[in-house]
Amino acid sequence: LGLVGGVAGLLAVAGATWAWRHRDDRAALVGPARWTAASVALALVLWAPPAIEQLTNDPGNARIVVDHLRYPDEDPIGTSRGLELLAVHLDPWRLVAGRQATTGAVAPGIVLVAAWAAAAVLALRLGHRRLVALHALVGAVLVLSAVSVSRIFGEVLPYLVLWAWGTTALALVAIGWTIAAAVARRTAARGARPRGR
């Protein structure tokens with residue numbers, strides 16, 4: 001909930017900022033406006049059954065979930081265990097192999113985060129706006145992921161953090177795209193140099 005809500009909030013702010021900057025360019029606004037309208041319509045359709053259930057039952061499932069999250073019968077796992085759990089799920093090999101676990105080596109996850117941070121710095125140096133935006137998203141997702149996973153309470157089951165594989169994939173895409181952009185920039189620079197005799 002924290003991760004999805006946080007990313008949705010960031011998306012809303014980024015979208016509103018972009019729309020404000022392009023407010024005089026109606027042609028540029030048409031495509032995003034259509035996609036936004038389609039997304040809102042899809043969300044309404046997908047959330048209609050839970051909304052109806054909530055309105056027709058007392059207490060509804062949403063109320064039960066909210067109460068359970070607000071007043072848990074156990075303490076959350078905390079920051080230390082949460083970061084360990086997140087690092088286990090940031091292991092690219094676990095993503096590829098589909099190996100679910102709640103414990104294991106944290107080093108591959110730490111290496112992935114370090115590689116992502118280095119790639120983010122490289123993207124800034126390249127001045128590649130879209131890459132910088134992607135890295136900003138990955139950074140926000142990593143922070144929100146750490147907060148979300150530290151709030152897990154009760155028995156820590158693998159399905160509770162399956163979403164972290166999406167974070168791993170997003171970080172790998174950002175790293176790969178940054179490397180490709182850096183190689184393309186270097187190749188272009190070499191091709192532009194005049195050849196000596």
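Select α1 first: this helix (a DSSP run of H or I, at least four residues, numbered from the N terminus) gives the most to the lining of the largest pocket, with 12 residues. The model is predicted, so local features need pLDDT of at least 70 and side-chain atom pairs count only at pLDDT 80 or more, while totals for chains, interfaces and linings use all residues. Residues are numbered from 1 along each chain as its sequence is written, and side-chain values use heavy atoms, without hydrogens and water.

Next, display the largest pocket, which holds about 1,400 Å³ of space. Its lining has 29 residues, and Leu-10, Leu-11, Ala-12, Ala-14 and Gly-15 are the closest to the centre. A pocket is an open set of points on a 1 Å grid over the protein atoms alone where a 1.4 Å probe fits, with protein on both sides within 12 Å along at least five of seven lines; lining residues have an atom within 4 Å of a point. Add α2 (26–56) and α7 (129–150), which, with α1 (2–21), give two or more residues each to this lining. Coloured by class, the lining shows 21 nonpolar, 5 polar and 3 charged residues.

Move then to the second largest pocket, with a volume of about 630 Å³. Among its 17 lining residues, select Leu-1, Gly-2, Leu-69, Ser-148 and Arg-151, the closest to its centre. At least two lining residues come from each of α1, α3 (61–70) and α7.

Finally, select Trp-20 and Arg-23. The charged end of Arg-23 sits over the ring of Trp-20, 4.0 Å from its centre (CZ of Arg or NZ of Lys within 6 Å of the ring centre and within 35 degrees of the ring normal).

Note on methods:
Grid points are joined across faces, edges and corners, and a volume is the space filled by probe spheres set on the points. Ala, Val, Leu, Ile, Met, Phe, Trp, Tyr, Cys and Pro count as nonpolar, Asp, Glu, Lys and Arg as charged, and the others, Gly among them, as polar.
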